[in-house]
Amino acid sequence: QVQLVESGGGLVQPGGSLNLSCAASGSVFRINIMGWYRQAPGKQRELVASIKSGRRTNYVDSVKGRFTISRDNTKNTAYLQMNSLSPEDTAVYYCHANIMLITGHSNEYWGQGTQVTVSS
């Protein structure tokens, strides 16, 4: 019914930048909230940033001032601009969305994950 496709991960040096994108396709009526989670080896998955349909944003303290989440409702796409990356940001990043379908039901969806590695 709905797929979330992520792109933009990769290897970057400390201090560098990456821009992740997450596109929703399928029977989307409205995206209520989109967000990015990350999971580093041996750690629990944590919410990095989220953005509601009214564009209200939320960030984990460790990324405030460095990461910016945005969305393009015409493309059903969310973006995560990551600046001043450090090795502590290394993780698999997952897109998450709460989506209302054309049927009127809302469901939670996850992307497949994209690896972000910050290393010199």
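**Contacts, core and disulfide in a predicted model**

Biologist: Leaving aside neighbours within four places in sequence, which residues is isoleucine 99 in contact with?

Modeller: Keep in mind that this is a predicted model. Skip the neighbours within four places in sequence, and the contacts of isoleucine 99 include Val2, Leu4, Ala24 and Val28. The rest of the list is Arg30, Ile31, Asn32, His105, Ser106, Asn107 and Tyr109.

Biologist: OK, and which strand gives the largest share of the largest nonpolar core?

Modeller: That core has 32 residues, and Ile99 is among those touching the most other members, along with Trp36, Leu80, Met82 and Tyr93. Strands S1, S3, S4, S5, S7, S8, S9 and S11 each put in at least two residues. The largest share is six residues, and it comes from S9.

Biologist: How many residues apart in sequence are the parts tied together by cysteine 22 and cysteine 95?

Modeller: These two form a disulfide with their sulfur atoms 2.0 Å apart, and the link is left-handed, at -80° about the S-S bond. Both cysteines are buried. Cysteine 22 sits in strand S3 and cysteine 95 in strand S9, so the parts they tie together are separated in sequence by 73 residues.

Biologist: What about arginine 66: buried or exposed?

Modeller: Arginine 66 is in the loop between strand S6 and strand S7. Its side chain makes a polar contact of 2.8 Å with that of aspartate 89, and its contacts beyond four places in sequence also include Gln81, Met82 and Leu85. The relative accessible area is 17%, and the cut-off is under 20%, so arginine 66 counts as buried.

Key. Residues numbered from 1 in each chain as written. Predicted model: local features only at pLDDT ≥ 70, side-chain atom pairs only at ≥ 80, totals over all residues. Heavy atoms only, no water. Disulfide = S-S within 2.5 Å. Helix = DSSP H or I, 4+ residues; strand = E, 2+ residues; numbered from the N terminus. Buried < 20%, exposed > 50% of the residue type's maximum accessible area, 1.4 Å probe, protein only. Polar contact = N/O pair within 3.5 Å; in protein donor to acceptor, adjacent residues only side chain to side chain. Contact = heavy atoms within 4.5 Å. Core = buried A, V, L, I, M, F, W, Y, C linked by side-chain atoms within 4.5 Å.
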